[in-house]
Amino acid sequence: MTSRPTAADLEAAKDRTIPDVVPPPDGVLFSGINPGLYSAATGWHFARPGNRFWPALHRSGFTDRLLHPSEQHLLPSYGAGITNLAARATAQAAELTAEELREGGALLEKFVAEHRPRVVAVLGVTAFRTAFGRPKVKIGPQEDRLAGAALWILPNPSGLNAHYTLDALAEEFRRLRD
């Protein structure tokens, strides 16, 4: 898709899934909460204009230039990949049930065991808390591991997350990269 999705495209994208971008062995796996309708309509992770994932990834030094979401296939060459806790697309992550997030946590753990990233970075502390039953988890590195991988919690890069500016997000991504 080269143009912006229409309202009809977004409506048709409800409950759709998009493929994972598998990281190289020993890479970093970023896990979003779930695809938004814009991402499901395009087939690209973090595709909605205003989402700050791609700019934060670049500003933190993970990539040497700002990638467009349509270039997500290049992420493994930068040592990274993307998946989601819940596969189905929704207009808002709040539409997901706690059960879906818990099931997604179990599936994420299997994905990590199979693909063996060095680090898993979950983008969304509230969703992580629900998915893994850890209500007190905070942003940053975790003592626990996930299927052998180091575990980080990063802020949700959605433009709706007013608690973090792009600079603050990039700094959290940089801490992970370092």
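Visitor: What makes up the lining of the second largest pocket, by class?
Guide: In this predicted model, that lining has 8 nonpolar, 4 polar and 5 charged residues. Asp, Glu, Lys and Arg are the residue types that count as charged.

Visitor: What is the volume of the second largest pocket?
Guide: The volume is about 300 Å³. Lining the second largest pocket are 17 residues, with Asn84, Leu85, Ala86, Ala87 and Leu107 closest to its centre. Leu85 and Leu107 count as nonpolar because Leu is in that class, whereas Asn84 falls among the others and is therefore polar.

Visitor: Which elements give two or more residues to the lining of the second largest pocket?
Guide: They are β2 (80-84) and α4 (98-115). The largest share, 7 residues, comes from α4.

Visitor: How do you know that a residue belongs to the lining of the largest pocket?
Guide: A lining residue must have an atom within 4 Å of a point of the pocket. For the largest pocket, 40 residues make up the lining, and Ile33, Ala93, Asn156, Ser158 and Leu160 lie nearest its centre. The space in this pocket is about 940 Å³.

Visitor: Which helix supplies the largest share of the lining of the largest pocket?
Guide: The largest share is 4 residues, from α5. Both α2 (37-42) and α5 (125-132) supply at least two residues each.

Visitor: How many residues of each class are in the lining of the largest pocket?
Guide: There are 21 nonpolar, 18 polar and 1 charged. Gly counts as polar here. Of the residues nearest the centre, Ile33, Ala93 and Leu160 are of nonpolar types, so they fit that class, while Asn156 and Ser158 count as polar.

How values were computed:
Residues are numbered from 1 along each chain as its sequence is written. This is a predicted model: local features need pLDDT of at least 70, side-chain atom pairs count only at pLDDT 80 or more; totals for chains, interfaces and linings use all residues. Side-chain values use heavy atoms; hydrogens and water are left out. On a 1 Å grid over the protein atoms alone, a cavity is a set of points where a 1.4 Å probe fits but cannot get out, and a pocket is an open set with protein on both sides within 12 Å along at least five of seven lines; lining residues have an atom within 4 Å of a point. Grid points are joined across faces, edges and corners, and a volume is the space filled by probe spheres set on the points.
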